[in-house]
Amino acid sequence: MTKEECKQVVLEIIEEIAPDEDLEGLSHDVRLRDQLDLDSMDFLDIVMELRKKHGIEVPEEDYPKLASLDSCAEYLTPKFNAVKAGA
Amino acid sequence: MGARSLKPHYDAVIIGCGMAGLAAGIRMAMYDRSVLIVESHNAPGGLNSFYALEGRKFDVGLHAVTNYVPPGAKGTPLVKLLRQLRLRREDLDLCPQRGSRIAFPGIDLAFDNGFARLGESVAEAFPAEIDGFRALRAHVAAFDPFDDTAPVVSAREVMGRYLRSPVLTDMLLCPILYYGSARENDIDFDQFVILWRSLFEEGFARPHEGVRVVIRALLKRFREAGGERKMKCGVRRLHTDGARVTAVELEDGLTVTADAVLSTAGARETEALWSATDQPAAPEPGRRLSFVETITVLDAQPADLGAEETIIFFNDSERFHYERPAAAVDPRSGVICFPNNYDYGERRLDEGFFRVTALADYDRWAALSPEAYRAEKDAWYPRLQESALRFVPGLDMDTVRAHTRYIDMFTPCTVKRFTRHIEGAVYGAPRKHRDGTTRFDNLFLAGTDQGFLGITGAMLSGISMANRHVLSRR
Ligand SMILES: Cc1cc2nc3c(=O)[nH]c(=O)nc-3n(C[C@H](O)[C@H](O)[C@H](O)COP(=O)(O)OP(=O)(O)OC[C@H]3O[C@@H](n4cnc5c(N)ncnc54)[C@H](O)[C@@H]3O)c2cc1C
């Protein structure tokens with residue numbers, strides 16, 4: 001999986017948990033919280049969806065790594081690829 | 001209904017199929033936890049269920065779904081709740097109110113969804129207080145009511161820093177206490193903030209078909225997510241080993257085990273399920289509060305008879321007494337609701353409804369023989385109607401009588417019978433358990449005694465306790 005594909009997966013999750021948000025034109029290097037109305041409950045759901053749909057574990061101490069789309073891609077892409085390789 | 005054969009073990013068992021239990025169950029089931037909701041009553045909904053009498057549909061409680069915000073609003077409890085439960089706004093069919101009022105002797109404060117109208121009413125009726133009122137509002141806006149490590153403070157004490165008029169203080173407290181205080185004559189400030197926002201900054205709405213719309217939407221989500229329900233069978237006993245709940249025994253004799261148990265029955269009610277004695281572990285401060293409600297079905301729309309408002313919070317005395325009355329009912333203050341007076345667009349309710357709620361004393365009602373109980377209801381019904389109608393200009397007792405098709409009335413005993421809450425308390429015990437923990441590692445509280453009240457509050461309580469104690473733990 002590429003970083004771009006990884007961002008796409010994250011966006012799909014956000015779209016599902018916050019369908020009332022407009023995801024057009026998000027800056028990839030700016031904190032998601034600063035561009036969208038997402039709170040800690042929504043971030044919990046991003047983590048839960050990653051686990052449920054993709055088998056990816058994000059320990060609580062790593063939640064800050066999900067701050068922006070860029071940091072999500074940086075952190076999650078290797079995890080996606082590891083899950084794929086393991087499967 | 002629901003589960004045909006139970007599994008021997010669940011990730012979580014939830015006690016109570018009210019708003020809190022259903023919302024918690026949806027969250028857990030959504031994320032693949034095996035979950036069983038156990039409910040003693042045959043109908044879901046708990047304190048806000050629905051029933052039918054002689055072919056007519058009634059809501060147990062619903063005056064208003066609070067926290068209404070128009071589509072597109074961000075970050076409010078309603079929006080969070082919809083997101084967390086993956087519901088669409090349309091699923092709840094929320095129709096906004098037409099306008100409400102706080103009515104005290106000689107002074108009225110009209111309010112509406114969104115804050116503007118209340119601000120204008122206060123400026124008009126209490127010009128000397130308007131700066132203090134604005135400062136209080138700013139304090140409420142800046143306050144974080146979800147920090148459950150902060151000390152509990154009295155709302156009256158905080159209000160006293162901003163307002164000099166005891167009448168204005170009482171008027172603002174009247175809707176807030178009626179819609180969510182478990183304490184006599186006051187409320188914890190964090191709860192005050194939650195309710196201020198939900199009633200005054202946000203507002204009231206109602207689904208055209210009433211609370212069953214909300215319950216149906218929740219049941220559907222729960223079922224789709226794979227949750228199981230066992231209805232008409234209470235939890236009889238929680239077995240423990242001193243540190244954990246080891247088994248959940250049901251009233252039909254079946255026993256299941258669970259990694260976590262979430263109870264929405266109330267703190268003391270839950271304690272009674274594991275405790276060997278009937279004595280509470282710790283004495284309880286304060287008395288529990290309950291209400292009576294009269295429901296009058298009319299053969300006309302209330303607006304056509306002269307009553308155009310949605311909800312009226314009234315008080316006829318110099319001070320507002322939100323306390324357990326010395327008589328069976330305290331008719332001096334109360335809440336009037338005309339469920340017809342929401343903006344349903346092209347739709348309307350087929351019949352007119354006129355509901356009045358007032359404080360009541362559980363002990364007096366509970367002590368009556370069946371005949372005396374009926375007689376007491378017959379006596380209080382007209383008294384409460386008459387008291388309330390003093391605050392509805394345009395509608396009088398003779399008109400109501402002439403148009404009445406059907407009446408019903410419930411008392412604290414009714415609440416007790418259908419929800420098992422001690423003394424029929426609608427908002428639980430005065431002391432709340434905000435973090436939801438108990439003395440057992442795997443037993444948690446949600447709903448009424450956790451501290452988020454009302455329909456929206458109870459659902460948010462279920463969601464946050466499920467997130468915190470079940471989903472965040474591996
Ligand atoms: C008359 C009235 C009017 C109201 N009006 C409004 C309103 O207009 N707007 C609003 O927002 N709120 C209103 N409320 C308040 C609102 O209904 C409640 O705050 C909310 O429904 C509480 O939900 P809950 O899930 O926390 O508790 P509950 O609804 O009490 O749920 C607890 C459930 O647990 C079950 N239970 C108890 N013991 C056991 C056991 N041992 N085993 C199995 N099950 C058990 C009970 O039967 C019950 O179904 C009203 C309440 C009443 C009574």
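Which backbone N or O atom lies 3.2 Å from a nitrogen atom of the ligand? In this predicted model, that atom belongs to G61(B). The ligand is largely enclosed: taken alone it exposes 1000 Å², and the protein buries 96% of that. Elements of chain B that give two or more residues to the surrounding shell are α1 (19–30), α15 (412–419) and α16 (454–471). Of these, α16(B) gives the most, with 3 residues.

Two further backbone atoms lie by oxygen atoms of the ligand. A polar backbone atom of I455(B) is 2.8 Å from a ligand oxygen. For M19(B), a backbone N or O atom lies 3.3 Å from an oxygen atom of the ligand.

The shell around the ligand holds 31 residues. Those that come nearest are E39(B), L47(B), H63(B), A64(B) and H421(B). By class, the shell is made up of 14 nonpolar, 15 polar and 2 charged residues.

Helix α10 of chain B was also examined. The helix spans residues 267–274 and is mostly covered. Of its 8 residues, 7 are buried. The buried set opens with A267(B), R268(B), E269(B), T270(B) and E271(B), and is completed by L273(B) and W274(B). Strands of chain B contribute to this cover. Among the elements that cover the buried residues of α10(B) are β1 (9–15) and β10 (235–240). The cover also includes β12 (255–263) and β18 (443–445) of chain B.

Terms used. Residues are numbered from 1 along each chain as its sequence is written. Chains are lettered from A and ligands numbered from 1 in the order in which they are written. This is a predicted model: local features need pLDDT of at least 70, side-chain atom pairs count only at pLDDT 80 or more; totals for chains, interfaces and linings use all residues. Side-chain values use heavy atoms; hydrogens and water are left out. A residue is near a molecule or strand if one of its heavy atoms lies within 4 Å of it. A polar contact is a pair of N or O atoms within 3.5 Å; within protein, one must be able to donate a hydrogen and the other to accept it, and residues adjacent in sequence count only if both atoms are side-chain atoms. Accessible areas come from the Shrake-Rupley method with a 1.4 Å probe; for residues, only the protein chains shown count as cover. Helices (H or I, at least four residues) and strands (E, at least two) are DSSP runs, numbered from the N terminus. Ala, Val, Leu, Ile, Met, Phe, Trp, Tyr, Cys and Pro count as nonpolar, Asp, Glu, Lys and Arg as charged, and the others, Gly among them, as polar. Buried means under 20% relative accessible area, exposed over 50%, partly exposed in between (1.4 Å probe, protein chains only). Contact means heavy atoms within 4.5 Å.
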